[in-house]
Amino acid sequence: TTKGLKVLGGVAVGQMSLGIATLLNYVPIGLAAVHQLGSLVVLSTGIYVVHSLRYVSPGVMRVVSNRIVTTAAKNPGIGGSSGG
């Protein structure tokens, strides 16, 4: 699961960089096509991570969810609607 999350993070950063490069180069067809293929890689990696989370023990999921809730409480503007 940790390995999958690291790969997902790396692939997502690569996809974002590829998207920016595509826009800065005025959307050449070849680069745009590679960007579309990258989206399939991000989707596939995300599905793998979600699938692998099914086999994580409930205790680990409890710790992770508590950490997410704590972080969200400390940073209310991140990931939530801030009513602005």
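Helices (H or I, at least four residues) are DSSP runs, numbered from the N terminus. The model is predicted, so that local features need pLDDT of at least 70 and side-chain atom pairs count only at pLDDT 80 or more, while totals for chains, interfaces and linings use all residues. Residues are numbered from 1 along each chain as its sequence is written, and side-chain values use heavy atoms, with hydrogens and water left out.

**Exercise 1. State how confident the predictor is in the protein chain, and where that confidence is lowest and highest.**

Begin with the score itself: pLDDT is the predictor's confidence in each residue, from 0 to 100. The protein chain averages a pLDDT of 86, and 90% of the residues score at least 70. Going helix by helix, confidence is lowest in α3 (residues 58-74), with a mean of 81, and highest in α2 (residues 29-53), where the value is 94.

**Exercise 2. Compare the reach of α1 and of α2 with the span expected for each.**

The expected span of a helix is 1.5 Å times one less than its number of residues. For α1, which has 23 residues, the distance from the first C-alpha to the last is 33 Å, close to the expected 33 Å. For α2, which has 25 residues, the corresponding distance is 36 Å, close to the expected 36 Å. Within α1 (residues 2-24) lies V7, and the C-alpha atoms of V7 and A21, which are 14 residues apart along the chain, are separated by 21 Å.

**Exercise 3. Identify the buried residues of α1 and of α2, and say what packs against them.**

First fix the classes: buried means under 20% relative accessible area, exposed over 50%, and partly exposed in between (1.4 Å probe, protein chains only). In α1 the buried residues are G4, Q15, L18, G19 and T22, and they pack against α2 (contact means heavy atoms within 4.5 Å). In α2 the buried residues are G38, T45, G46, V49 and S52, and what covers them includes α1. Other positions of α1 are less covered by these cut-offs: V7 is partly exposed, with a relative accessible area of 41%, and G10, also in α1, is partly exposed at 44%.

**Exercise 4. Describe the nonpolar patch that includes L24, and classify L24 itself.**

A patch of this kind is made of residues with over 30% relative accessible area and no salt bridge, its nonpolar side chains (Val, Leu, Ile, Met, Phe, Trp, Tyr) being joined within 5 Å; a salt bridge is a side-chain nitrogen of Lys or Arg within 4 Å of a carboxyl oxygen of Asp or Glu. V13, M16, I20 and L24 form such a patch on the surface, with about 410 Å² of accessible area together. L24 belongs to helix α1 and is exposed, with a relative accessible area of 64%. As background, an α-helix has 3.6 residues a turn, so residues three or four places apart point the same way.

**Exercise 5. Find the residues with positive phi in the loop between α1 and α2, and give the exposure of each.**

Start just after α1, where Y26 takes a positive phi of about 60 degrees. Y26 lies in the loop between α1 and α2 and is exposed, with a relative accessible area of 75%. V27 is placed in the loop between α1 and α2 as well; its phi is near 55 degrees, a positive value in a residue other than glycine, and V27 is partly exposed, at 43%.

Methods: Helices (H or I, at least four residues) and strands (E, at least two) are DSSP runs, numbered from the N terminus. Patches are made of residues with over 30% relative accessible area and no salt bridge: like charges are joined within 9 Å, nonpolar side chains (Val, Leu, Ile, Met, Phe, Trp, Tyr) within 5 Å. Accessible areas come from the Shrake-Rupley method with a 1.4 Å probe; for residues, only the protein chains shown count as cover.
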